[in-house]
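Here are my notes on this one, as numbered points. Have the viewer open while you read.

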2 protein chains.
Amino acid sequence: MTTHLPQNHPEMPEEINGLRMTRQRQEVYRFLMGERSHPTANEVFMRIKEALPNVSLATVYNCLEALVQHNVIRQVNFDREPSRYCPNLDEHGHFHDETTGTIHDIKFKPGINLTDILDLPPNTVIKDIEITLRGQLAAS
Amino acid sequence: MTTHLPQNHPEMPEEINGLRMTRQRQEVYRFLMGERSHPTANEVFMRIKEALPNVSLATVYNCLEALVQHNVIRQVNFDREPSRYCPNLDEHGHFHDETTGTIHDIKFKPGINLTDILDLPPNTVIKDIEITLRGQLAAS
DNA sequence: CTATATGCAAATAGTTTGCCTGTTA
DNA sequence: TAACAGGCAAACTATTTGCATATAG
């Protein structure tokens with residue numbers, strides 16, 4: 001039975017996409033990688049406090065922003081609700097099930113290129129696309 | 001030269017989609033209908049103050065929410081920025097040009113049904129779809 | 001030793017709420 | 001006259017910032 005966590009996770013690289021992986025960033029990243037629930041900053045905070053009791057919410061925000069800026073995770077926004085974070089870097093959308101409050105990744109059907117269906121002005125450089133759906137997942 | 005606006009705009013119906021069109025809601029709605037710039041609540045507020053000097057920002061928020069709830073206008077959110085409001089009820093997306101800060105409606109190419117390209121779970125009832133793009137509109 | 005990251009508390013900004021008054025059906 | 005809408009200020013909440021300390025290259 002271990003009483004203390006090691007200072008660093010051995011399987012965690014020192015850097016991801018040029019971002020130095022400090023202990024706090026490691027915990028944030030590790031937690032997100034194992035989650036499909038698209039947690040909020042506060043949920044990440046609550047969870048990694050178990051491993052890092054002194055971590056602050058501001059640091060969690062800083063870590064999340066650093067990871068987003070370095071394309072390690074994605075930030076997902078639903079209306080005016082708190083931002084959520086997603087480890088899935090594939091191009092995909094998000095479905096917000098109003099009944100349960102859960103969020104599901106939505107893939108595109110194979111062979112679909114999103115820009116093909118949008119009537120974009122010429123010479124447009126798209127940096128990011130966000131597709132969010134809201135509705136209900138009826139019981140089958 | 002008119003010195004005062006009439007109490008109500010003659011061309012404005014008393015009700016839209018079951019929503020009673022008070023003087024404040026009329027001004028908010030009329031302004032939005034003539035705008036393609038997707039104004040924020042504060043921009044609406046600044047503008048309709050010209051016609052209604054005593055209007056309050058809270059009332060503008062209330063009017064906007066009432067209009068959104070009754071499907072008279074749409075609310076558009078970009079990341080964590082202030083909500084914007086759009087009089088275009090057709091299914092469409094929004095492109096945020098980072099260079100100018102402007103927002104453009106993006107139509108879908110003809111014959112495209114959005115749900116056709118999404119790999120949705122069965123029995124899903126979609127209430128709302130939001131597509132937002134961020135990027136740059138290069139000078140042609 | 002210099003830059004960067006953390007922790008904490010305070011500040012910020014958009015939005016909402018409470019309460020009282022005014023208006024409308 | 002009962003329900004709803006408006007105006008104002010205060011409250012709320014997610015997020016950011018300033019600053020002092022700690023850590024890393």
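1. Let's begin with DNA strand C. Sugar or phosphate supplies 82% of the atoms of DNA strand C within 4 Å of the protein, and bases supply the rest. Keep in mind that this is a predicted model. There are 17 residues around DNA strand C, and those that come nearest are Thr22(A), Arg25(A), Thr59(A), Tyr61(B) and Ser83(B). By class, the surface near this strand breaks down into 6 nonpolar, 7 polar and 4 charged residues.

2. On to the phosphate contacts of DNA strand C. The side chain of Arg25(A) puts an N or O atom 2.9 Å from a phosphate oxygen of the strand. For Thr59(A), a polar side-chain atom is 3.1 Å from a phosphate oxygen of DNA strand C, and for Arg80(A) the corresponding distance, again from a polar side-chain atom to a phosphate oxygen, is 3.3 Å. As for secondary structure, the elements giving two or more residues to the surface near DNA strand C are α1 (23-33) and α3 of chain A, plus α3 of chain B. Which element gives the most to that surface? That would be α3(B), with 4 residues.

3. Now DNA strand D. Here 15 residues are around the strand, and Tyr61(A), Ser83(A), Thr22(B), Gln24(B) and Thr59(B) come nearest. Of the atoms of DNA strand D that come within 4 Å of the protein, 86% are sugar and phosphate. The surface near DNA strand D has 5 nonpolar, 6 polar and 4 charged residues.

4. The polar contacts to DNA strand D are worth checking in the viewer. In the side chain of Tyr61(A), an N or O atom is 2.5 Å from a phosphate oxygen of DNA strand D. Arg25(B) has a polar side-chain atom 3.0 Å from a phosphate oxygen of the strand. With Ser56(B) the backbone is involved: a polar backbone atom there is 3.3 Å from a phosphate oxygen of DNA strand D. Two or more residues each are given to the surface near this strand by α3 (57-69) of chain A and by α1 (23-33) and α3 (57-69) of chain B.

5. How are the two protein chains related? Two copies of a chain are related by a rotation about an axis and a shift along it. In this model, a turn of 180° with a shift of 0.0 Å along the axis lays chain B on chain A with an RMSD of 0.1 Å. So the relation is that of a two-fold axis. If you want a landmark, the C-alpha of Ile131(B) is the one in chain B nearest the axis, 2.3 Å from it. Both copies use the same surface, with 100% of the contact residues of chain B recurring in chain A.

6. Any cysteine pairs to worry about go here. How many disulfides does a search of the whole structure find? The count is 0 over all chains. A disulfide is a covalent bond between the sulfur atoms of two cysteines. In chain B, the cysteine sulfur closest to that of Cys63(B) is in Cys86(B), and at 18 Å the two are too far apart for a bond. Is Cys63(B) buried or exposed? Cys63(B) is buried, because its relative accessible area is 4%, under the 20% cut-off. Cys86(B) is buried as well, with a relative accessible area of 1%.

7. Two backbone angles caught my eye. Most residues other than glycine have a negative phi, and most peptide bonds are trans. Asn17(A) has a positive phi, near 50°, and sits in the loop between β1 (15-16) and β2 (19-20) of chain A. Asp79(B) has a positive phi too, near 45°. Asp79(B) is in the loop between β3 (74-76) and β4 (84-86) of chain B, and with a relative accessible area of 33% it is partly exposed.

8. Last, a loop residue in chain A. Where is Leu89(A)? Leu89(A) is in the loop between β4 (84-86) and β5 (93-97) of chain A, and its 48% relative accessibility makes it partly exposed. Setting aside neighbours within four places in sequence, Leu89(A) is in contact with Asn71(A), Val72(A), Ile73(A) and Arg74(A). Thr115(A) is 26 residues away from Leu89(A) along the chain, and their C-alpha atoms are separated by 18 Å.

Notes:
Residues are numbered from 1 along each chain as its sequence is written. Chains are lettered from A and ligands numbered from 1 in the order in which they are written. This is a predicted model: local features need pLDDT of at least 70, side-chain atom pairs count only at pLDDT 80 or more; totals for chains, interfaces and linings use all residues. Side-chain values use heavy atoms; hydrogens and water are left out. A residue is near a molecule or strand if one of its heavy atoms lies within 4 Å of it. A polar contact is a pair of N or O atoms within 3.5 Å; within protein, one must be able to donate a hydrogen and the other to accept it, and residues adjacent in sequence count only if both atoms are side-chain atoms. Ala, Val, Leu, Ile, Met, Phe, Trp, Tyr, Cys and Pro count as nonpolar, Asp, Glu, Lys and Arg as charged, and the others, Gly among them, as polar. Copies are superposed by least squares on the C-alpha atoms of residues with pLDDT of at least 70 in both. Contact means heavy atoms within 4.5 Å. A disulfide is a pair of cysteine sulfur atoms within 2.5 Å. Buried means under 20% relative accessible area, exposed over 50%, partly exposed in between (1.4 Å probe, protein chains only).
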